[in-house]
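Thanks for sharing this one. Here are a few friendly notes to read alongside the model; please have the viewer open as you go.

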Amino acid sequence: MRHGAMNPTALFNAIDVPADWIGLRLVRETTHSHHLRDGHPQGHGRETTWGAMVEVSVQGTLSYCATPQITPDGIRQAATLAYEQAKSLTPRTHAVADRPPAQGHYLTPVEQSQRNVSTKELTELLVKVCQTLKVSDEIVCTKASLASTESETWFVSTNGADWYQQKHYISNHFAATAQVGTEVQTRSDHGMLARCYQGGLEWLLTDDLWERVQRIGEQALELVRAENCPEMRTHLVLAPDQMLLQIHESVGHPLELDRILGDERNYAGWSFVTLNDFGHLQYGSPLMNITFDPTVPGEFASYAVDDTGVRAQREYLIKNGILVRGLGSLESQKRSGVPGVACGRACSWNRPPIDRMANLNLEPGTGTFQDVIRDIEQGIYMESNRSWSIDDYRRKFQFGCEYARLIENGQLTKVLKNPNYRGVSSEFWRNLVRLGGAETWEMYGSPYCGKGEPNQAIRVGHGSPVAVFANVEVFGGG
């Protein structure tokens with residue numbers, strides 16, 4: 001199978017080492033970025049990365065070697081180095097034999113390609129964003145940025161794998177900073193780089209774009225004159241753009257099997273979850289249903305197969321509050337004995353695949369936003385993350401948001417600034433008491449989920465409805 005201008009089979013045929021199994025992964029990514037501040041360009045960039053990773057298995061030992069030399073000689077040398085390294089290591093069992101000979105292709109659906117829009121036109125659009133954000137002279141800084149990436153991956157192996165994936169990513173960030181006296185507040189478009197999707201400019205040029213931009217500026221002015229969030233225990237209602245981080249930090253990372261096995265202790269920490277918890281642990285209330293789903297159109301981490309060739313499909317990690325499955329690739333599943341998912345992912349051509357989140361979503365309940373808050377006599381509604389902290393075991397956390405509203409007798413009332421909340425992961429999720437319906441469900445993403453040594457910053461997506469948690473400690477502060 002051949003896709004695009006690349007023929008990976010010709011390069012693969014240059015490999016001549018007698019390994020038990022060989023895989024060749026080629027990755028090319030090109031990113032265009034545009035950044036403006038107060039309507040003035042701060043930078044336009046274009047960056048391309050392009051290279052190959054050769055994987056070999058020798059007597060159960062898996063070894064890697066990456067190279068930027070995309071030539072038969074370069075690939076042959078990388079394979080030889082990987083083979084010699086594998087022979088020098090102590091033989092041990094990996095799940096390489098279980099890697100499927102996946103074939104096929106995946107293409108991100110794109111309605112409006114950025115290739116058809118000039119830098120001048122994009123700059124004019126972002127200038128207009130900055131101008132629209134400045135709703136008052138009290139707006140002292142406006143920012144607008146846009147990044148798009150085209151990523152291509154080719155993979156072939158000795159057991160017949162031959163697949164290709166072409167993904168198009170787009171992300172944007174808008175923010176307005178207001179100042180009155182010494183008080184300064186910033187409001188952004190759903191948090192720092194949360195508006196990350198797979199697709200084209202259709203994700204930026206939405207019907208509500210200018211209404212949304214106007215609202216950001218107006219809410220910055222509201223915040224700069226608002227009261228601090230009070231300190232109390234109360235019902236906390238979280239918008240989907242904050243649930244992005246809540247799911248990511250207190251569900252996603254704790255369920256990574258390599259972390260539970262201890263592989264990440266030196267760098268990214270461990271987990272409060274143990275291998276014996278799967279199938280038994282009451283992780284949250286019966287309303288909590290978390291799915292791993294790289295098949296959602298437009299979500300930031302969608303794909304057909306992971307970087308080991310396992311076909312992506314929707315799986316429940318937590319069902320009716322019970323932990324049932326881990327975020328573990330083939331190797332971690334074999335080591336742990338715990339069922340996993342298609343999550344062996346690498347961030348680049350010069351990194352091996354490890355256990356990573358992809359699209360991790362909280363399934364919706366029923367009802368509109370007004371239905372969700374109708375019975376809350378007193379509570380706090382929060383949107384858009386601005387700070388986070390969580391311990392090495394992913395147990396205790398403290399998160400800060402950009403924007404909050406007081407809830408009184410089932411209605412949103414006054415605006416509150418500097419809202420924060422804290423909790424303990426499993427206790428917090430067991431206090432989940434209400435979820436909005438599909439009409440409140442929204443998806444966001446992040447391009448910077450970090451993990452691994454050497455570090456890998458990878459793209460993740462998270463979708464959620466509006467969610468209500470009982471008995472949560474909230475507080476104010478800068």
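1. In this predicted model, a good place to begin is helix α2, where Gly-74, Ile-75, Ala-78, Ala-79, Ala-82, Tyr-83 and Ala-86 are buried. Looking down the axis of α2, you will find these buried residues within an arc of 165 degrees, so they line one face of the helix.

2. What does that buried side of α2 pack against? Its partners are α1 (8–12) together with the strands β1, β2 and β3 (61–67). On the face turned away from the buried side, α2 carries the exposed residues Gln-77, Leu-81 and Ser-88.

3. The length of α2 looks as it should: its 17 residues, 72–88, reach 25 Å from first C-alpha to last, close to the 24 Å expected at 1.5 Å a residue.

4. Now for some backbone points to check. Most residues other than glycine have a negative phi, and most peptide bonds are trans. Asp-38 has a positive phi, near 55 degrees, and sits in the loop between β1 (21–37) and β2 (40–58). Asp-38 is partly exposed, its relative accessible area being 37%.

5. Asn-418 also deserves a look: its phi is positive, about 55 degrees, although it is not a glycine. The loop that holds Asn-418 runs between β19 (411–417) and β20 (420–424). Is Asn-418 buried or exposed? With a relative accessible area of 6%, Asn-418 is buried.

6. Lastly, please inspect the peptide bond between Glu-453 and Pro-454, which is cis, with omega about 0 degrees. Pro-454 belongs to the loop between β22 (442–451) and β23 (456–464).

Terms used
Residues numbered from 1 in each chain as written. Predicted model: local features only at pLDDT ≥ 70, side-chain atom pairs only at ≥ 80, totals over all residues. Heavy atoms only, no water. Helix = DSSP H or I, 4+ residues; strand = E, 2+ residues; numbered from the N terminus. Buried < 20%, exposed > 50% of the residue type's maximum accessible area, 1.4 Å probe, protein only. Expected span 1.5 Å × (residues − 1). Arc of directions from axis to C-beta. Contact = heavy atoms within 4.5 Å.
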